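Hi,

Here is the structure I said I would send over. Have a look at it first, then read my notes below.

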Amino acid sequence: MQKFLEEAKKTSRTIANLDTHTKNRVLREMADALLAHCNYIIEQNNKDMSEGTLNNLSNALLDRLLLTGERVEAMAAAIKQIADQKEPVGKTLEGWITEDGLNIQKISVPIGVIGIIYESRPNVTSDTAALCFKSGNVCVLKGGKEAEHSNKAIAKVLKQVLAKNKLPEQAISLLPDSTREGVANLIKQDKYVDLIVP
């Protein structure tokens, strides 16, 4: 776990310094890649659906878990919408000049490494990865175990786009130990993880 998070922390410096044009171009490529690999993602999702049925998941949970062509298209559209948003990094949020003539400014900056813990909605994998990338952050994702195959497939597709653009794949990572102990360990790693979003 520590080595994994060390790599994520190192990667955060690279991602924080990406320019707007590069981030938006890579995000659009990610959206296109999801569409191009739609059949693969659905095939992996079918494994989760089969296991969910065997484990007697409720119809509501199965519906949250299900990916269709239409839902993958919606995931891709969401990433494109994120790419179209204004640049969140480097914005002057407020400022003032002191009596001594000192110019004080509050400027938005990336947070660093963000751990995100969420339930069995595979679309959250692509949504949160894209939001973190757009804002210059690295994400460590921990989705529900019911969506394990789907989440791995989505993360794999997004990471391939990073690699193609010679960017560190660690910018988007799934937590390697998704047990309760793994999560408990993650939330203690404040040397490497700057924020946890449950």
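Below is what I found, going from the sheet to the helix beside it and then to the surface. Keep in mind that this is a predicted model.

Let's start with the sheet. Four strands make it up, in the order β5-β4-β3-β6, with parallel pairing, and the sheet is open. At its edges are β5 (172–174) and β6 (195–197), each of which pairs on one side only. On average, neighbouring strands are turned by 20° against each other, if you ignore direction.

Now zoom in on one pair. Strand β4 (residues 138–142) runs parallel to β5, and three bridges join the two. If you want a spot to click on, leucine 141 has leucine 174 in β5 as its bridge partner. Helix α1 packs on this sheet, where it touches β3 (113–117), β4 and β5, and its direction makes about 140° with that of β4.

Next, pick out threonine 11, which is part of helix α1 (residues 2–16). Is threonine 11 buried or exposed? Its relative accessibility is 5%, and buried means under 20%, so threonine 11 counts as buried. Apart from neighbours within four places in sequence, threonine 11 contacts Val138, Pro168, Gln170 and Ala171.

Finally, the surface. Ile111, Leu195 and Val197 form a nonpolar patch there, and together they have about 220 Å² of accessible area. Isoleucine 111 sits in the loop between β2 (103–107) and β3. With a relative accessible area of 44%, isoleucine 111 is partly exposed.

Cheers

Conventions: Residues are numbered from 1 along each chain as its sequence is written. This is a predicted model: local features need pLDDT of at least 70, side-chain atom pairs count only at pLDDT 80 or more; totals for chains, interfaces and linings use all residues. Side-chain values use heavy atoms; hydrogens and water are left out. Buried means under 20% relative accessible area, exposed over 50%, partly exposed in between (1.4 Å probe, protein chains only). Contact means heavy atoms within 4.5 Å. Two strands pair if DSSP finds at least two bridges between them. Axes are lines fitted to C-alpha atoms, for helices over the stretch in contact, and angles run from 0 to 180 degrees between N-to-C directions. Patches are made of residues with over 30% relative accessible area and no salt bridge: like charges are joined within 9 Å, nonpolar side chains (Val, Leu, Ile, Met, Phe, Trp, Tyr) within 5 Å. Accessible areas come from the Shrake-Rupley method with a 1.4 Å probe; for residues, only the protein chains shown count as cover. A salt bridge is a side-chain nitrogen of Lys or Arg within 4 Å of a carboxyl oxygen of Asp or Glu.
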